[in-house]
Amino acid sequence: MQMSIDEILRRLGGNEAAASLTGVSLEAVRKWRSANAVPPRHWPAIIAATGLSMEDFSAPASSEVPVGATAALVLADGSVFWGRGFGAFGTSAPSELCFNTGLTGYQETLTDPSYAGQIITFTFPHIGNVGTNADDEEAARIFARGLVTKEDFTAPSNYRATADLGAWLKTQGIPGIAGVDTRALTLRIRDLGAPSAVLCFPEDGKFDLKSLAAQAAAWSGLEGLDLAKEVTCDKPYHWQGGTWSWESGFSAPAPTKKVVAVDYGAKRNILRSLAQAGCDVTVVPATATAEQILAYKPDGVFLSNGPGDPAATGIYAVPAIQGVMAAGVPIFGICLGHQLLATALGGRTYKLDRGHRGANQPVKDLTTGKVEITSQNHGFAVDEKSLPAGVEVTHVSLFDGSNEGIACPAKRVFSVQYHPEASPGPSDSAYLFTRFVEAMA
């Protein structure tokens, strides 16, 4: 039987003792009270200190399926969110449950390889209303493991649509769940951190909730996980096409610079943006060495976005980046590429409790004083205090003060944490691609 938060805190010796034991603030402990739950990552320490058991932290979920429910989102602590399944039948692999605050671009979001290993909760209620089409896909397939929505998707209302959301998900083997109180779920993630979860949409309508919760609880999470190898390209290829326009579609201007893009999970619109800025782009796998990259004799090297823990990917990526820097070739990185560049320069990264995911993230450019509204998708960040002398902090998040950009002029490299390609999202930061071309002069 689940023990009350008040009783757990009493056994720990009060709020301050609980905060000290688990390494969190008193405000975090207050949020445990409001959510009536303790984040699973703190259970081992509390169990060791009090002699409590796992059963004291979570109540066994009822095995009775609510009327009309055909799918369930089961969290590691045994919590169950019932809803209506859509897309493909099946059960997702254990995943990190996150939320995205974007109002548009659900198809671009789902096909962003940076979402590998995650189930996405969409905070905006109208997901699926413009259908799907091949031009809006950011990768060859969906890398997210599932999606959670408030409302059922409706018939597409857009002349570009070629399939509705459910049919598209079904062809990709991805389950979804609608009818969930996404506000309550988002507040839980915000206050307690991103939990592990499993999304189950069984064709026979049968649920083994205990087994599903155990699967979620047993998953080790994203820390220490290298996912770039799972989403990168199989072999080098030459990119074709610029950003879309009414007049000329995906055509690009004649290139003036030769760029190698290292694919840690690159979105197509990033490659289009490079081509639109005048780059002749060759894409290489995440595991490419410095020698392989430099063999193309590039004017510049681009480090893409991607999923997973940068410390794990950095085992092979950092030596390659350091080799490119030693050759004096300009480098521009975004998202995971930003974190890997910072690591190659001597910095460190850390896991954020809930991450930044959405198209409305305010970032301040410290060099100009201007504020940009940016598109972001990341669960790790660069530790500014770990950056060595000669590495400048150029951008900062106005949400939580975390690092959003760095530069090392002596090595001709710079990077940002956010997504300047704006797919989906605002185009405030598109100038960075031009800045990269100018750095190659």
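Which residue in β18 is the bridge partner of Ile 334? I shall come to that residue by way of strand β13. Please bear in mind that we are looking at a predicted model.

Strand β13 comprises residues 331-334, and both of its faces are covered. On one side lie Ile 331 and Gly 333, on the other Phe 332 and Ile 334, and all of these residues are buried.

Let me turn to the neighbours of this strand. Strand β12, residues 300-303, runs parallel to β13 and is joined to it by three bridges. Within this pairing, Val 301 of β12 stands opposite Ile 331 in β13. If you follow the chain through helix α12, residues 310-326, you will see that β12, α12 and β13 together form a right-handed β-α-β unit.

Strand β13 is also joined to strand β18, residues 413-416, by four bridges, and these two strands likewise run parallel. Here we meet the residue I asked about at the start: the partner of Ile 334 in β18 is Val 416.

My second topic is the cysteines. A disulfide is a covalent bond between the sulfur atoms of two cysteines. How many disulfides does a search of the whole structure find? The search finds zero. Consider Cys 279 as an example: the closest cysteine sulfur belongs to Cys 233 and lies 17 Å from the sulfur of Cys 279, so the two are too far apart for a bond. With a relative accessibility of 5%, Cys 279 counts as buried, because the cut-off for that class is under 20%. Cys 408 is buried as well, its relative accessible area being 4%.

Conventions:
Residues numbered from 1 in each chain as written. Predicted model: local features only at pLDDT ≥ 70, side-chain atom pairs only at ≥ 80, totals over all residues. Heavy atoms only, no water. Buried < 20%, exposed > 50% of the residue type's maximum accessible area, 1.4 Å probe, protein only. Pairing = 2+ DSSP bridges. Right-handed = clockwise from strand over helix to strand, strands pointing away. Disulfide = S-S within 2.5 Å.
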